[in-house]
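Here is a quick tour of a protein model, going from charge pairs to overall shape. Have the viewer open and follow along.

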Amino acid sequence: MNETMIQFFHWYSEGDGKLWKEAEKNAQYLAELGITSVWFPPAYKGTAGGLSIGYDAYDLYDLGEFDQKGTVPTKYGTKEDYIKAIKALKEQNIKVIVDIVLGHKAGGDELETFKALKVDEENRDKIISGEIEIQSYTKFTFPGRGKKYSDFEWNYTCFSGVDYAEGMDSHIFKIKNEYGTDWEEMIDDEKGNYDYLMFNDVEHRNPFVREELNNWAKWYFDETDFDGVRLDALKHISFDFYKEWLTLLRSNSGKNIFAVGEYWAPGYLGLLQKYIDVTEGCMSLFDSSLQNNFHNASNEGDSYDLRRIFDETLTQADPLHSVSLVDNHDTQPLQDLEAPVEQWFKPLAYALILLRKDGYPCVFYPDLYGAHYVDKDREGNDQEIFLDKVDGIEEMLKARKDHAYGEQRDYFEDANCLGWVREGDDEHSGCAVVLSNKEAYEKPMEMGEKYIGKTFYDVLGRFEDKVTIDENGWGNFPVPAGNVSVWIEE
């Protein structure tokens with residue numbers, strides 16, 4: 001069966017502890033669509049308590065079990081709800097991918113005093129002060145949890161940098177510790193060194209920190225029996241750390257844990273390939289370059305040459321390590337990395353990731369369920385956003401599950417109209433797909449001899465007329481203007 005992932009949340013997912021229960025309720029529906037894995041948001045307590053999306057990680061051991069940061073449940077529910085949702089999905093043979101945030105911690109419990117250096121925010125390798133003494137919330141004692149599950153307490157030696165100093169203006173401070181005044185090694189020189197992202201930056205060179213994070217991973221697996229991990233913000237974390245962490249997790253769990261990392265570098269395929277190389281292929285990456293191509297194509301309309309849609313993408317260069325996507329929680333409207341794909345182009349984009357052979361496609365929650373939220377725009381004004389369910393997405397998911405198999409033949413000769421066929425295999429009949437970013441087209445394509453005389457219909461309902469495969473195994477498959485059609489055997 002074709003693998004298909006869903007990101008089962010977005011930045012503005014409803015709170016009040018409802019998400020885990022919603023996932024439990026939707027398990028059978030997702031399975032019927034052909035979803036084989038669900039990516040959940042960070043499940044541990046953040047510094048914003050019941051309002052935390054999870055990327056401001058406070059206590060990794062608190063999955064909605066302890067009264068900390070003003071709440072017992074997380075935004076998404078209690079630990080009990082979380083475990084029930086995982087079990088419900090597994091009963092439908094759906095794997096669970098958990099979100100891992102190990103680059104920073106937030107919401108420390110106590111102030112500590114230590115020596116630090118101010119750095120230039122645009123070039124973190126440039127020190128702009130002498131050695132100074134600062135106070136920051138780098139002591140984590142987790143009083144609500146006590147010593148349950150782990151007695152490890154975090155202090156300033158566990159961090160390489162902070163952005164808060166008591167009584168001082170916000171700035172990035174490099175902590176002076178036994179590992180020196182250099183940041184950890186990154187693969188790129190963006191901002192000089194982009195090790196520091198936010199909050200208290202975890203010092204992965206500290207052997208006690210590495211041991212604790214390895215122990216926690218084993219504990220998390222034992223508690224939940226997850227199947228895969230989504231690794232947050234790889235651009236800001238030592239690549240050596242995750243090589244070790246994944247090796248130990250796979251060994252300790254006795255399971256070939258799937259891993260996909262977020263190295264967000266739209267338009268920079270070389271960086272994605274370099275990261276895969278230095279981590280020895282131990283994880284896949286989200287294809288941020290393909291997402292960027294979709295964003296550009298949706299904005300440029302019929303002036304975009306669709307034949308370039310896979311240029312400089314991981315899905316084309318290294319499909320075995322590519323997780324393809326149309327949008328995610330960072331690219332959705334009103335986010336810092338906002339780069340949404342316009343609604344008219346989304347059916348085309350989903351056809352390109354769901355119905356072709358390369359890449360591991362990931363569907364975004366609002367594209368399947370819709371979403372409505374309000375947030376501040378770049379000028380600080382309230383803006384109301386409505387995201388509609390993508391037209392035809394359920395039909396395309398089912399077509400992937402039942403028909404997107406076998407040899408693929410591409411018909412990419414036209415700048416404004418792409419087509420391809422999947423021949424099918426011994427167990428599945430194939431499909432034909434045509435998409436246009438301009439006017440209506442009719443594209444002749446070869447389905448193969450076994451389909452001679454067979455009739456095909458458009459599962460998206462764009463056309464009532466059928467297509468009959470001629471005596472040479474060819475058919476003329478139409479597509480409406482600026483749209484997509486998906487044809488399967490009647």
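## Salt bridges

A salt bridge here is a side-chain nitrogen of Lys or Arg within 4 Å of a carboxyl oxygen of Asp or Glu. Keep in mind that this is a predicted model. Asp 240 and Lys 243 meet that rule, with an N to O distance of 3.7 Å. Both sit in helix 4 (residues 239-253), three residues apart, which is about one turn of the helix. Asp 240 is partly exposed because its relative accessibility is 38%, and Lys 243 is also partly exposed, at 21%. There is a network too: salt bridges with shared partners join Glu 65, Lys 79, Lys 148 and Glu 223.

Now for a pair that reaches across the chain. Asp 227 forms a salt bridge with Lys 90, and their closest N and O atoms are 2.8 Å apart. The two residues are 137 positions apart: Asp 227 is in the loop between helix 3 and strand 13, while Lys 90 belongs to helix 2 (residues 79-91). Is Asp 227 buried or exposed? It is buried, with a relative accessible area of 12%, while Lys 90 is partly exposed at 23%.

Lys 18 pairs with Glu 14, and here the closest N and O atoms are 2.9 Å apart. Lys 18 is partly exposed at 41% relative accessibility, whereas Glu 14 counts as exposed at 53%. Overall, the count comes to 39 salt bridges.

## Positive phi values

Most residues other than glycine have a negative phi. Phe 142 has a positive one, near 50 degrees. Phe 142 is in the loop between strand 9 (132-139) and strand 10, and at 3% relative accessibility it counts as buried.

Asp 225 also has a positive phi, near 60 degrees. Look for Asp 225 in the loop between helix 3 (207-224) and strand 13 (228-231). Asp 225 is partly exposed, with a relative accessible area of 35%.

## A buried loop residue

Which residues does Ile 309 touch, leaving out those up to four places away in sequence? The list is Leu 290, Asn 293, Phe 294, Ala 297, Tyr 304, Phe 345, Leu 352 and Leu 418. Ile 309 lies in the loop between helix 6 (288-300) and helix 7 (314-317), and its relative accessible area of 0% makes it buried. Its C-alpha atom is 6.0 Å from that of Asn 293, although the two residues are 16 positions apart along the chain.

## A nonpolar patch

On the surface, Leu 111, Tyr 137 and Tyr 164 make a nonpolar patch of about 250 Å². Tyr 164 sits in the loop between strand 10 (159-162) and strand 11 (173-175), and it counts as partly exposed at 37% relative accessibility.

## The whole chain

Zooming out, the protein has ten helices and 27 strands. Its radius of gyration is 24 Å, which agrees with the value near 23 Å for a compact globule of 490 residues. Along the principal axes, the C-alpha atoms fill a box of roughly 80 × 45 × 45 Å. Of the 490 residues, 59% count as buried. The exposed area is about 19,400 Å², with carbon and sulfur atoms supplying 43% of it. Among contacts with a separation of 6 or more, 69% come from residues 24 or more positions apart.

An unreviewed UniProt entry lists residues 3-422 as "domain: Glycosyl hydrolase family 13 catalytic". That stretch is 27% helix and 23% strand, and its end C-alpha atoms are 16 Å apart.

Technical notes. Residues numbered from 1 in each chain as written. Predicted model: local features only at pLDDT ≥ 70, side-chain atom pairs only at ≥ 80, totals over all residues. Heavy atoms only, no water. Patch = residues over 30% accessible without salt bridge, like charges linked within 9 Å, V, L, I, M, F, W, Y side chains within 5 Å. Areas by Shrake-Rupley, 256 points an atom, 1.4 Å probe, with all protein chains shown as cover. Helix = DSSP H or I, 4+ residues; strand = E, 2+ residues; numbered from the N terminus. Buried < 20%, exposed > 50% of the residue type's maximum accessible area, 1.4 Å probe, protein only. Rg over C-alpha atoms; globule rule 2.2 N^0.38 Å. Contact = heavy atoms within 4.5 Å. UniProt positions renumbered as here; feature names shortened; annotations may be inferred.
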